[in-house]
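Grab a pencil and keep the viewer open. Here are a few exercises, each followed by a worked solution.

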Amino acid sequence: AGKAGVSIAHFRRLFSEAMGSPPHRYVLASRLEKARNLLATTSLPIAHIAEGCGFSSQSHFTACFRSAHASTPAEYRSHLLETAATAAQR
């Protein structure tokens, strides 16, 4: 808001109109998308993914992930591995 020369409330409104969600929700969704990609394509520990995606802790990451995707990061990764194993058997 400061760099744009507008109030915080005005910035929030302009950002929401342009991006379709408030700034905090947009940033959180971006972090979760990056984390989902890393969970699917790497074997990095979940704590490292959490840190690399900007979450304050693994527990914060897990809570946000569960809220958005109805599963924990570990459950998500496990499901992906099971799906890949099933597909490989066919």
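## Exercises on a predicted model

**Exercise 1.** Work out which residues Ser 21 is in contact with, leaving aside neighbours within four places in sequence, and decide whether Ser 21 is buried or exposed.

*Solution.* Start with the contacts: once the neighbours within four places in sequence are left aside, Ser 21 is in contact with Phe 15, Ser 16 and Tyr 26. Keep in mind that this is a predicted model. Next, place the residue: Ser 21 sits in the loop between helix 1 (8-19) and helix 2. Last, check the accessibility: the relative accessible area of Ser 21 is 14%. Buried means under 20%, so Ser 21 is buried.

**Exercise 2.** Do the same for Thr 72: where is its place, and is it buried or exposed?

*Solution.* Thr 72 is found in the loop between helix 4 and helix 5. Its relative accessibility is 12%, so Thr 72 counts as buried. Not counting residues up to four places away in sequence, Thr 72 touches Thr 62, Phe 65 and Arg 66.

**Exercise 3.** Now try Gln 58, and say how accessible it is.

*Solution.* First, Gln 58 lies in helix 4. Second, its relative accessibility is 39%; partly exposed covers the range between 20% and 50%, so Gln 58 counts as partly exposed. Third, leaving aside neighbours within four places in sequence, Gln 58 is in contact with Ile 46, Ala 47 and Ala 50. For a distance check, take Gln 58 and Arg 77: they are 19 residues apart in sequence and 15 Å apart in space, C-alpha to C-alpha.

**Exercise 4.** Describe how helix 2 and helix 5 pack.

*Solution.* Get the geometry down: helix 2 (residues 23-41) and helix 5 (residues 73-89) pack at about 45°, and their axes are 9 Å apart. Helix 2 and helix 5 are therefore oblique to each other. Their crossing is right-handed. Then list who meets whom: from helix 2 come Arg 36, Leu 38, Leu 39 and Ala 40, and they meet Pro 73, Tyr 76, Arg 77 and Leu 80 in helix 5. Sorted by class, this contact has six nonpolar residues, two charged ones and no polar ones.

**Exercise 5.** Find the largest nonpolar core and say which helix supplies its largest share.

*Solution.* The largest nonpolar core has 13 residues, and among those with the most contacts inside it are Leu 32, Leu 39, Phe 55 and Phe 61. Helix 2, helix 3 (46-52) and helix 4 (58-69) each supply at least two residues of this core. The largest share, four residues, comes from helix 2. To finish, zoom in on Phe 55: not counting residues up to four places away in sequence, Phe 55 touches Leu 28, Arg 31, Leu 32, Ala 50, His 60, Phe 61 and Cys 64.

Methods. Residues are numbered from 1 along each chain as its sequence is written. This is a predicted model: local features need pLDDT of at least 70, side-chain atom pairs count only at pLDDT 80 or more; totals for chains, interfaces and linings use all residues. Side-chain values use heavy atoms; hydrogens and water are left out. Axes are lines fitted to C-alpha atoms, for helices over the stretch in contact, and angles run from 0 to 180 degrees between N-to-C directions. Angles under 35 degrees count as roughly parallel, over 145 as roughly antiparallel, 65 to 115 as roughly perpendicular and the rest as oblique. A crossing is left-handed if the near helix is turned anticlockwise from the far one by less than a right angle, and right-handed if clockwise. Contact means heavy atoms within 4.5 Å. Ala, Val, Leu, Ile, Met, Phe, Trp, Tyr, Cys and Pro count as nonpolar, Asp, Glu, Lys and Arg as charged, and the others, Gly among them, as polar. A nonpolar core is a set of buried Ala, Val, Leu, Ile, Met, Phe, Trp, Tyr and Cys residues joined through side-chain atoms within 4.5 Å. Buried means under 20% relative accessible area, exposed over 50%, partly exposed in between (1.4 Å probe, protein chains only).
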